[in-house]
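Reader: I'd like a close look at one part of this model, with the cut-offs spelled out as you go. Could you pick a strand and walk me through its surroundings?

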Amino acid sequence: MNQDLSAMMLADAQAVVAEIGQSVIINSVTYAATVSEAVLTQSFESGGLMDKISTLVKIPATTSALAQKSYMAIGKTLTWDNNLYRVTGFNHKPGSAWIQLSVQDAQER
């Protein structure tokens, strides 16, 4: 991917979180991020269908955020709005301006 385009997309991502972003804390580091509305999904588990509520957290893929991505791995926790969430999904494609984390309430299994 063109480096100029990647830099421009990252600058746009940073502008979005500067304008409408919220603070999330991962491993004692605060990141500006966008947080989606909660989504209700069902998963098939022993005993039948279970409702799960998940949220998508998007963090600009800065060099410092990418260096800390091991702290954003599945199973790790983050704090947002004084609530604790567990990471259930991690996505960052090379050249993308965003790190995307699927999270759910840390108490939910």
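Author: Here is a walk around strand 5, followed by the core and helix 1.

First, the ground rules. This is a predicted model, where local features need pLDDT of at least 70, side-chain atom pairs count only at pLDDT 80 or more, and totals for chains, interfaces and linings use all residues. Residues are numbered from 1 along each chain as its sequence is written, and side-chain values use heavy atoms, with hydrogens and water left out.

Strand 5 covers residues 77-80; strands (E, at least two residues) and helices (H or I, at least four) are DSSP runs numbered from the N terminus. L78 and W80 make up its covered face, while T77 and T79 sit on the uncovered one. In a regular strand, side chains alternate between the two faces of the sheet.

Now the neighbours, where two strands count as paired if DSSP finds at least two bridges between them. Strand 1 (residues 22-26) is joined to strand 5 by two bridges, running antiparallel, and I25 stands opposite T79. Strand 6 (residues 83-91) is also antiparallel to strand 5, with four bridges, and here L78 faces Y85. Strands 5 and 6 form a hairpin with two residues between them, and D81 in that turn has a positive phi of about 55°.

L78 turns up again in the largest nonpolar core (buried Ala, Val, Leu, Ile, Met, Phe, Trp, Tyr and Cys joined through side-chain atoms within 4.5 Å). That core has 17 residues, and V24, V57, I59, M72, L78 and L101 touch the most other members. Strand 1, strand 2 (29-35), strand 4 (48-60), strand 5, strand 6 and strand 7 (98-105) each give two or more residues to this core. As for M72, its contacts (heavy atoms within 4.5 Å) include I26, Y31, I59 and V87, leaving aside residues up to four places away in sequence.

Next, helix 1 (residues 3-20). S6, A13 and V17 are buried there, meaning under 20% relative accessible area with a 1.4 Å probe and protein chains only, where exposed is over 50% and partly exposed is in between. They span an arc of only 35° around the axis, so they lie on the same side of helix 1; the arc is taken from the directions from the helix axis to the C-beta atoms. D4, A18 and E19 are exposed on the other side. The buried residues of helix 1 pack against strand 2, strand 4 and strand 7.
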